[in-house]
Amino acid sequence: MIPASPEEADLHRVDLSPLLAEGGGAVAPIPPFEVAAELDDEHFVGGAALQAGRTNRGVRIWGAVRGSQAGLCARCLAPVTAAIVTSLDEEAVDERHAEGEALRIGSGNSVDVGRLALDALDLARHLILRCDPPCPERCGACGGEHPLEACPQRDGDPRLAGLAALLPKQGDAGGEIG
Ligand SMILES: [Zn+2]
Ligand SMILES: [Zn+2]
């Protein structure tokens with residue numbers, strides 16, 4: 001088993017020294033862990049079941065990530081939580097093998113696998129959250145709970161409809177003026 005080695009600002013860092021000491025092909029399970037973070041005003045939580053395997057250049061980390069994304073419905077703004085099921089497969093390489101943006105093994109032979117899991121959730125995120133079951137479609141003209149085609153305001157001149165909304169209702173004209 002690969003021990004956790006926490007550091008501040010890390011989501012879930014593990015020490016890969018025992019695995020790096022082994023030869024190529026060695027595989028060790030990473031004990032299941034959970035991550036949680038806010039990304040773009042949405043709340044992500046997930047659990048990861050990962051394995052780590054020794055490669056020529058470093059360590060391959062792979063496995064399943066399952067969680068959820070909580071935010072607001074794009075249509076009615078009600079709170080919504082949607083499931084995310086995904087996986088990751090990354091290689092963290094030793095600094096001397098690293099080029100460009102390659103994921104590197106960090107200080108103390110460690111890798112923040114929590115960050116990898118969160119990135120996997122983010123990649124699989126729902127771009128638009130919607131209620132489930134779906135909330136009523138909102139009218140693009142008046143915001144009512146009917147499709148645009150059925151809008152009672154649709155046949156009139158939309159500029160007049162806008163003006164009509166600004167006028168005081170019959171019966172309370174003049175009350176606030178003067
Ligand atoms: Zn909704
Ligand atoms: Zn309408």
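Through how many residues does a hairpin join E3 to E4? In this predicted model, the hairpin that leads from E3 to E4 passes through 3 residues.

**View 1. Strands E3 and E4 pair in the antiparallel sense.** The close-up covers strand E3, made up of residues 42-54, and strand E4, made up of residues 58-72, which are held in register by 12 bridges. Within this pairing, phenylalanine 44 has glutamine 69 of E4 as its bridge partner, and the two strands are joined by the hairpin of 3 residues.

**View 2. Strands E4 and E5 run antiparallel.** Strand E5, which spans residues 79-93, is joined to E4 by 15 bridges. Glutamine 69, the residue of E4 that is the bridge partner of phenylalanine 44, also has a bridge partner in E5, namely alanine 82. Elsewhere along this pairing, arginine 60 stands opposite glutamate 91 of E5.

**View 3. The hairpin of E4 and E5 has 6 residues between the strands.** In this hairpin, the residue to look for is leucine 77, whose phi is positive, with a value near 65°.

**View 4. Four strands form an open sheet.** The strands follow the order E2-E3-E4-E5, and their pairing is antiparallel. Strand E2, covering residues 27-39, and strand E5 are the edge strands, each of which pairs on one side only. On average, and with direction ignored, neighbouring strands of this sheet are turned by 15° against each other.

Conventions: Residues numbered from 1 in each chain as written. Chains lettered and ligands numbered in written order. Predicted model: local features only at pLDDT ≥ 70, side-chain atom pairs only at ≥ 80, totals over all residues. Pairing = 2+ DSSP bridges. Axes fitted to C-alpha atoms, helices over the stretch in contact; angles between N-to-C directions.
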